[in-house]
Amino acid sequence: MNDMTCQDVQAQLDLLAADECDPVLRPAIDAHLQQCTACTASYAESRRMLAMLSLHWDAAGPLRLRQRLNQEAQRSRRRQGVLPFVRRAMAVAALLIVSAGLLFVLPKRAADTGSLEPAPALQGGAKGSRCPPHEPGAGHDNPAAP
Amino acid sequence: MQPLASDAELVDQTLRGVTDAFHQLTVRYYRPVGGFILKRVGRPDLVEDLLQETFLEALAALKAGKRPHAFSSWLFGIAHNRCGKWLRRKHLVLFAPQQMPEPAVAITEQELHDELEEQQALMTALDKHLQDLPEDTRQLLEMKHREGKTCEQIAAATGRPVGTVKSLLARTYKLLRTALQPPPGDLS
């Protein structure tokens, strides 16, 4: 049953905003607020006034803000200190990966091309080729080889 | 007694890397900007987060070399944008239609300056009314809002019945609310 008048409700709004409202009255006040725009507006005003009181006495607020600013400054300094190192490390890692990939892929490709038909560029000593055509049984370039 | 440094002096010092200068600015504007944010978003639980974001953004801009023409209006402008961002992010659906906060619209420097003056006047009026309260009533409010005690805890600490504490609290809130209301005809 919701038989509270606006006057009854408005007398309780400040205590409701301060979380000190009588729990017995609470359901009736909530029901009234759901259907009364004037009391809802008054309730918003009460909440704002109480929040201003809390803000007024919140001496720790600026200190918490200062802590947050210091934390952000430290984080920013750490980021600035670490980022160039990370970039350099990433570049070296990328270079190593590419080098390892080339070392792994190139000998395999050379072996594959050696077992199949020779590449056309190697066959007849194409113009501009630096390598002489391979002569079977012609021995190795290295004179020390058997 | 050393005179208070002006905003411009503190901004200059912040630009030169004096971190304590910016802290002085935060102490000076913490409450007015908090009141402004509270008015914009209508949610006491959000005020501290938005306040911190506002000051962080201001400090970052100063560190990047920004030199505001008028620090206070500029700071209120940042707070206004922060509130606007928050309201857009939440799509306003969290609010009951009656509790709908003011929509964030473009705001001129003059309006920001007026907002600053309004908040400072409100805070000054609050200070004055609190000082005019009887000592025991002010202590009661301090226990409630500074120390975060419940009426039961206050009753136990002061040796008064809980009902008396609640009645006194309700009367004081009503008194303050009436005293802080804008005069009739002032619709701002």
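At 25% relative accessibility, B:R28 counts as partly exposed, and this arginine makes a handy way into the structure. It's a predicted model, and the predictor gives the complex an ipTM of 0.77 and a pTM of 0.68. Below you'll find B:R28's partner, then the other charged pairs, the nonpolar cores, a pocket, a couple of single residues and the confidence scores.

**B:R28 and its partner**
- B:R28 forms a salt bridge with B:D7, with 2.6 Å between the closest N and O atoms.
- B:R28 sits in helix 2 of chain B and B:D7 in helix 1 (residues 7–15) of chain B, so the pair ties together parts that are 21 residues apart in sequence.
- Is B:D7 buried or exposed? B:D7 counts as buried, because its relative accessibility is 16% and the cut-off for buried is under 20%.

**More charged pairs**
- Here's the general idea: side chains of opposite charge can pair when their charged atoms come close.
- Over all chains, the count comes to 22 salt bridges.
- In chain A, the side chains of A:R64 and A:D58 meet in one of these, at 2.9 Å from N to O.
- A:R64 counts as partly exposed, with a relative accessibility of 31%.
- B:K128 pairs up with B:D132 in a salt bridge whose closest N and O atoms are 2.9 Å apart.
- Both B:K128 and B:D132 lie in helix 5 of chain B, four residues apart, which is about one turn of the helix.
- B:D132 counts as exposed, at 52% relative accessibility.
- Some charged residues go beyond pairs: B:K39, B:R40, B:E115 and B:E118 are linked in a network of salt bridges.

**Nonpolar cores**
- In soluble globular proteins, nonpolar side chains tend to be buried together.
- In this model, the largest nonpolar core has 62 residues, and B:F22, B:V33, B:I37, B:F71 and B:L141 are the ones with the most contacts inside it.
- Which element gives this core its largest share? That's helix 2 (residues 19–41) of chain B, with ten residues.
- Leaving aside residues up to four places away in sequence, B:F71 touches B:D7, B:V11, B:F22, B:L25, B:Y29 and B:L62. You've already met B:D7 on that list as the salt-bridge partner of B:R28.
- There's also a second, separate core of eleven residues, and A:M4, A:L16, A:L33 and A:C39 are among them.

**The second largest pocket**
- This pocket holds about 400 Å³ of space.
- Its lining has 17 residues, and those nearest the centre are A:L50, A:A51, A:S54, B:P44 and B:D45.
- Helix 3 (37–56) of chain A supplies at least two lining residues, and so does each of helix 2, helix 3 (47–63) and helix 6 (135–145) of chain B.
- Helix 3 of chain A gives the largest share of the lining, at five residues.

**B:C83, tucked inside**
- You'll find B:C83 in helix 4 (residues 71–89) of chain B.
- With 1% relative accessibility, B:C83 counts as buried.
- Not counting residues up to four places away in sequence, B:C83 touches B:I37, B:R40, B:V41 and B:L50.
- B:C83 and B:K39 are 44 residues apart in sequence, and their C-alpha atoms are 10.0 Å apart in space.

**A:D19, a backbone oddity**
- Most residues other than glycine have a negative phi.
- A:D19 isn't a glycine, yet it has a positive phi of about 60°.
- Where is A:D19? A:D19 lies in the loop between helix 1 (6–17) and helix 2 of chain A.
- A:D19 is exposed, with a relative accessible area of 62%.

**How confident is the predictor?**
- Chain A averages a pLDDT of 78, with 75% of its residues scoring at least 70.
- Chain B averages a pLDDT of 85, with 86% of its residues scoring at least 70.
- Among chain A's elements, helix 2 (residues 26–35) has the highest mean pLDDT at 93, and helix 5 (residues 120–123) the lowest at 50.
- Residues 122–129 of chain A stay under a pLDDT of 50, and the model gives them five contacts beyond four places in sequence.
- Residues 137–146 of chain A are also below 50, with one contact in the model beyond near neighbours in sequence.
- Among chain B's elements, helix 7 (residues 151–158) has the highest mean pLDDT at 93, and helix 5 (residues 109–132) the lowest at 86.

Key. Residues numbered from 1 in each chain as written. Chains lettered and ligands numbered in written order. Predicted model: local features only at pLDDT ≥ 70, side-chain atom pairs only at ≥ 80, totals over all residues. Heavy atoms only, no water. pLDDT = per-residue confidence, 0-100. Contact = heavy atoms within 4.5 Å. Core = buried A, V, L, I, M, F, W, Y, C linked by side-chain atoms within 4.5 Å. Buried < 20%, exposed > 50% of the residue type's maximum accessible area, 1.4 Å probe, protein only. Salt bridge = Lys/Arg side-chain N within 4 Å of Asp/Glu carboxyl O. 1 Å grid on protein atoms, 1.4 Å probe; cavity = no way out; pocket = protein on both sides within 12 Å on 5 of 7 lines; lining within 4 Å. Points joined across faces, edges and corners; volume = space filled by probe spheres on them.
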